[in-house]
Each structure stands twice: as structure tokens, then as C-alpha cells.
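Hi,

Here is the structure I promised to pass on. Have a look at it first, and then read on for what turned up.

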Amino acid sequence: MFSCKKPLVIVFILLISSCSKDDDSTPSIVDLGITASTNANAGSSYTNAKTDIRIDYNHIPAGENTGNLRFGIAYLDANGDNHTDVFMATGEYLLDGEVNSILAINDGQNNFTVNTSAFNDNMPPATHARKSIKCDFNGDGLDDLMVFDHGYDADPWPGSQIKLIMQTSAGSFSWKKLADQTGFHHGGAGADIDNDGDIDVFVGGWDPFFYVNDGNGNFEKVDNRFDRSTGDIFTAELIDVDKDGFVDLLIGGHEFENTKTTIYWGSSTGSYSTDLRTIIDPVDSYGTVLDIDAEDLNGNGKIDLVINRTGGGNNNFYEGSWIQILSNEGDRMFIDRTTSVLDDPGSSNYPWFPWIRIQDLDNDGDLDIFPDDAGVGFRLMNNGAPYWSRFID
């Protein structure tokens, strides 16, 4: 009897050891003990996405060996002339290989000319670029870029590498692939999550993680800043929603596949976990979250949410369009006010589009809601109630 019990005890100890070991799905979270920032949104990719121009994506000329996909757009002054130029990472659906990105220089009248010399005729490539962000990654006062590329969009989903693009001087760029990690990079965002004065990056996809910046634009992949307490993440922003001086992580994906649209609240830990989060109400039949914006829509000092959605969950994947408005009620609570403040939030008859913007489009002192791509052909104009009416262009 004694000889039988002894191996059982050994097996039990081994099982305890194995179960207590961290794995990739539930990484341990660090507590950095950071202090709040007076402007946590400074330099973030969300702040930098606001721009003074609105263009039809299809009016950006194609360069040599570029793709038809035009999701990966970013706005920057690429040559120091104080005009807003356009960078566009491209790609092709089910492409096996890579195509070039586009840099289009603005003449000041929103006429654009392709420029490859800024990259020494060596344009950054992509297979299926999903998003580009603009930040100053090394603190030299020049706009840099990062491209999230998820690669071939079908089985076996081999993934791709993120492209980091640095502006070395006004009008001159270099780029490299971040070769430490290959994955299904479907989105991301940049902000100073640890309040150390440089811009870090959240990378969304099947295996989300943070890149931590050393201050010089060198990034280290870390798995201890986010506990992955949700499904796959295909949309992300970093914004201080509650104005407490800590950047919050807003994520979305396929709600019909168990990704809950969520705000992970930033804190002194510099990390994000299920212990501090608010889950956003889903929308029936529009369970694919494409973009999340956060602005004070009614001037009451609280940051509200606008979520751009398309079909998902009712055999309607990527069909139709729906814009969801969530009112900030305080105490990190949000209520869906969509149907009471929008006369036409969308329907299955409208085309989906990737990015939404919230700015005063008509310069009348209030915030309007509209697709970043002017070619989509509509605007939700604020009539001051606040109440937004759809205008077809």
C-alpha cells in the first residue's frame, strides 16, 4: 500500500506545478507604479489621426506595383512644406507576396503626386495592410509611421511582419520589418502607456501584445502588459477616455465569435486586465467592429464613444453599415443612444467602410461624424440638439 501512494503524491505535485505555470493565453501582469500624466493623449496615434484634409481614397494616385487595398492610410507632412501629405500602405486580397505602399505629396490644393524618392525608390511593402499609424517614435519632431499587415487572408494564415518607417530628416524615410514577430496583425494603436515620455504600441490580432519603446524608436515585444481576457482583437485605440491621466485601451473584433468590445481602463500599473474593464453593448447583426472613436459629443465634459460597425453574426459578414453612439454616463458607464440621436444609423443597404472621424466638418462649432474616406459619400451632420442627420453626397 505504501509503495502505491508514493508515486501518486509525486504525480499530484507535478500537476500542481504544471497548472500554476503561466502560458501565452494568460500572461502575468506587471505593476509599474507610474504617475498620471497631465496629457495622456499627447503624441498618440488617435490624436495624430485628426487632420485638416478629407479626400476620396481613390483619388490618391497609384504608384508602381501597388495594390488595390487602401485601408492603411495615414496623414503627415512628409517633406516639411506644412501641407498634409498621404501615406497609404496597400495590399491585395489573397495575395501571395508583397506590393508597394504609396507616398502622395500634396501641392497645397489637395492635388497629389506619387513620390518614391523620399524612400530612395524603395517603398515599404505589404501583403494585406490593415492599418497605418503616425507617431513620433524617437522624439526628433518628425512624423514616423507603423504599418500593421496581417498577411495572406486565408488558410493557413501565415501572417506577416509589422513595418516600422522612420523619417530620418524632412522628406527622407527609412524602413524595416520588425522581424522578431510574425502574425495576423489586424490593427493597433500608439500612445505612452507607461508615461515615460515615448510612444509605445499595442498590436492587435490573434495574439495581441505591446511593443515597448526605449525612447529611440526601438521596440521590445512584451506579453506582461495585457492579460488577453477577450477573443481575437481586430480593432484597437489608445485614448484616455475617463481623463484620469492614464491611457485606456479600447478594443473590438468579432462579437459573434466572443470578442467583447471593451474599454480596458489604464491605471498606475501601466498594464491592462480584466480587473479594470467596461464591456460595451453589442449590436445585433452588426457584430464586426471596424473602428472606435472617443470624443465629447455634447459638450458636457465627458468622453463619449462612436463605434463603426459592419455585418457579423447573421450570415452577413462584412455586409452593411451601422454607427453606434454611446453616451458617457459617468462612473465608467455607457448607454447606447444611437436611435435617439441619429436619424439614420445605417442598414444592410449601406456599404461598410474602415475608418470614421469626428470633427467639425462644416466649421459651425459642433462635432460631425463622417467616414474618413470622402468617397464613401455621406456625412452625419450635427444640428446642435445634439442630433445628427445623414446627408448623402
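One term before the tour: two strands count as paired if DSSP finds at least two bridges between them. Also keep in mind that this is a predicted model.

With that in hand, take S16 and S17: they pair in the antiparallel sense, over three bridges. One of the matched positions puts Leu 250 together with Ile 263, its bridge partner in S17. As general background, strands of a sheet pair through backbone hydrogen bonds, and they can do so in a parallel or an antiparallel way.

That pair belongs to an open sheet of four strands, ordered S15-S16-S17-S18, with antiparallel pairing. At the edges sit S15 (235–239) and S18 (277–279), each of which pairs on one side only. From one strand to the next, the twist averages 15°.

Here is how the other neighbours in that sheet join up. S15 and S16 run antiparallel and are joined by five bridges, with Ala 236 standing opposite Ile 251 of S16. At the other end, S17 (residues 262–264) pairs with S18 over three bridges, again in the antiparallel sense. There, Tyr 264 has Arg 277 in S18 as its bridge partner.

Is S16 enclosed or open to the outside? All five of its five residues (248–252) are buried, so the strand is largely enclosed by the rest of the structure. In a regular strand the side chains alternate between the two faces of the sheet. In S16, Asp 248, Leu 250 and Gly 252 point one way, while Leu 249 and Ile 251 point the other way, and all of them are buried.

Another strand to look at is S19 (residues 288–295). S19 is mostly covered, with eight of its eight residues buried. Its antiparallel pairing with S20 (residues 304–310) runs over seven bridges, and in it Asp 293 stands opposite Val 306 of S20.

Now for the empty space. Rolling a probe the size of a water molecule over the atoms shows where such space is left.

How many cavities of 30 Å³ or more are there? The count comes to three. The largest cavity has a volume of about 350 Å³. It is lined by 21 residues, and the closest to its centre are Ser 45, Tyr 46, Ala 49, Lys 50 and Glu 237. Several elements each supply at least two residues of that lining: helix H2 (45–48) and strands S1 (72–76), S7 (129–135), S19 and S24 (356–359). So S19, the mostly covered strand from above, turns up here too. By class, the lining of the largest cavity divides into nine nonpolar, four polar and eight charged residues.

Then there are the pockets. The largest pocket holds about 380 Å³ of space. Of its 18 lining residues, Asp 153, Phe 184, His 186, Phe 317 and Tyr 318 are the closest to its centre. The lining of the largest pocket has ten nonpolar, four polar and four charged residues.

The second largest pocket holds about 230 Å³. Its lining is made of 13 residues, and Tyr 57, Asn 58, Arg 70, Phe 71 and Asp 373 lie nearest its centre. By class, that lining has seven nonpolar, three polar and three charged residues.

That's the tour. Shout if anything is unclear.

Cheers

Note on methods. Residues numbered from 1 in each chain as written. Predicted model: local features only at pLDDT ≥ 70, side-chain atom pairs only at ≥ 80, totals over all residues. Heavy atoms only, no water. Buried < 20%, exposed > 50% of the residue type's maximum accessible area, 1.4 Å probe, protein only. 1 Å grid on protein atoms, 1.4 Å probe; cavity = no way out; pocket = protein on both sides within 12 Å on 5 of 7 lines; lining within 4 Å. Points joined across faces, edges and corners; volume = space filled by probe spheres on them. Nonpolar A, V, L, I, M, F, W, Y, C, P; charged D, E, K, R; others polar. Axes fitted to C-alpha atoms, helices over the stretch in contact; angles between N-to-C directions.
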